[in-house]
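Here is a friendly walk through a structure you have in front of you. Take a moment to look it over before reading on.

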Amino acid sequence: MARLVVPALALVVVTAAVLGLARWHPFSPTVPAATLNVFEGDPVRGASVFAASCAGCHGADGTGGVGPALRDSGINGAKVIVVVGTGQGAMPAGLVSGQDAADVAAHVASIAK
Amino acid sequence: MHPTVQALPMLADVSSRYTDLVETIFSSAIAGKAWLATGAFVLAFVQVLTASRMWGKLERFVPLSFPTARRIHRWSGRIALLLTLPVFFHCVTILGFKTPDARVAMHSIAGSFLYGVVAAKLIVIRWKGYPHWVLPVIGGSLAAVFTTLWLTSSLWYFTNVRFGF
């Protein structure tokens, strides 16, 4: 039984190291303000990206589901790009990015008014 | 971005470079992670089947000789471990440990244990003389961790976000 100490110790040490790195998560993304204007969003194309990648949680019409309602929420496009880029709550960062993110932001902004 | 990393220009855009690299193949970094984790999960299932065969179980369902089962077990384990590395990088260094809801909390906790269990299993395999029950228990624990991780990430992605590359 004494030999079990070694693998048990390895389990604890490696788990603690991974946990420490995960708490630090040194490469967590941010969306610099300068990037917010790089892409011009197309709300029509954004609707199809939204249907494919966002509707599962936010509802097909944006009225919410597992995720919060976006329709009539008043959220603006810049805020959407930041949340999509950095993640929020149960939504991981980077579900969509680049032009897709800009298009989704334009679509969400259009239904959030 | 973490302040320490922001101070290191070479590391500052690691996250975006990783995302760009993954997006050359997949639609998003999350989609890539979901599929790589699925590959690792399938290989973990192969691990359970071949390990069962090596321990004299499931001989009718896994009609392999012992040496063949052992070879498949070793290589499926190595490839599964390789597939988890990009997932580890994304989950641990980019997304981090989070507990906003039960699914993400379970995923974060199980994920923290994955490589610890792998390390313990490798030690038990290399060093002989452990009680007969130790290796199946550790192997079963590893399969349970893999299953928990897949159910709380890839399955969630495929059923809630999109089923596609």
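The notes below cover the interface, then one helix, then one residue.

This is a predicted model. In it, 34 residues of chain A are in contact with 46 residues of chain B.

**Where chain A meets chain B**

- About 3,400 Å² is buried between chain A and chain B, and carbon and sulfur atoms give 68% of that area.
- On the chain A side, A:Arg3, A:Val18 and A:Phe27 lose the most area to chain B, together 20% of what that side buries.
- For polar links across this interface, the count is 7 residue pairs in polar contact, while 0 salt bridges are found there.
- Helices α1 (5–24), α2 (43–53) and α3 (55–58) of chain A each supply at least two residues of the side that touches chain B.
- The largest share of that side, 12 residues, comes from α1(A).

**Helix α6 of chain B**

- Helix α6(B) runs over residues 102–126, which is 25 residues.
- From its first C-alpha to its last, α6(B) reaches 36 Å, close to the 36 Å expected.
- A kink of about 30 degrees is centred on B:Leu114 in α6(B).
- At the N-terminal end, B:Asp101 acts as a cap for α6(B), with a side-chain oxygen 3.3 Å from the backbone nitrogen of B:Arg103.

**A closer look at B:Thr38**

- B:Thr38 sits in helix α4 (residues 29–54) of chain B.
- B:Thr38 counts as buried because its relative accessibility is 13%, and buried means under 20%.
- The B:Thr38 side chain reaches the backbone oxygen of B:Ala34 at 2.7 Å.
- Beyond its neighbours within four places in sequence, B:Thr38 is in contact with B:Trp150, B:Ser154 and B:Phe158.

Terms used: Residues are numbered from 1 along each chain as its sequence is written. Chains are lettered from A and ligands numbered from 1 in the order in which they are written. This is a predicted model: local features need pLDDT of at least 70, side-chain atom pairs count only at pLDDT 80 or more; totals for chains, interfaces and linings use all residues. Side-chain values use heavy atoms; hydrogens and water are left out. Helices (H or I, at least four residues) and strands (E, at least two) are DSSP runs, numbered from the N terminus. The expected span of a helix is 1.5 Å times one less than its number of residues. The bend at a residue is the angle between axes fitted to the seven residues ending there and the seven starting there. A polar contact is a pair of N or O atoms within 3.5 Å; within protein, one must be able to donate a hydrogen and the other to accept it, and residues adjacent in sequence count only if both atoms are side-chain atoms. Buried means under 20% relative accessible area, exposed over 50%, partly exposed in between (1.4 Å probe, protein chains only). Contact means heavy atoms within 4.5 Å. Buried area is the accessible area (1.4 Å probe) that two parts lose on being put together, summed over both. A salt bridge is a side-chain nitrogen of Lys or Arg within 4 Å of a carboxyl oxygen of Asp or Glu.
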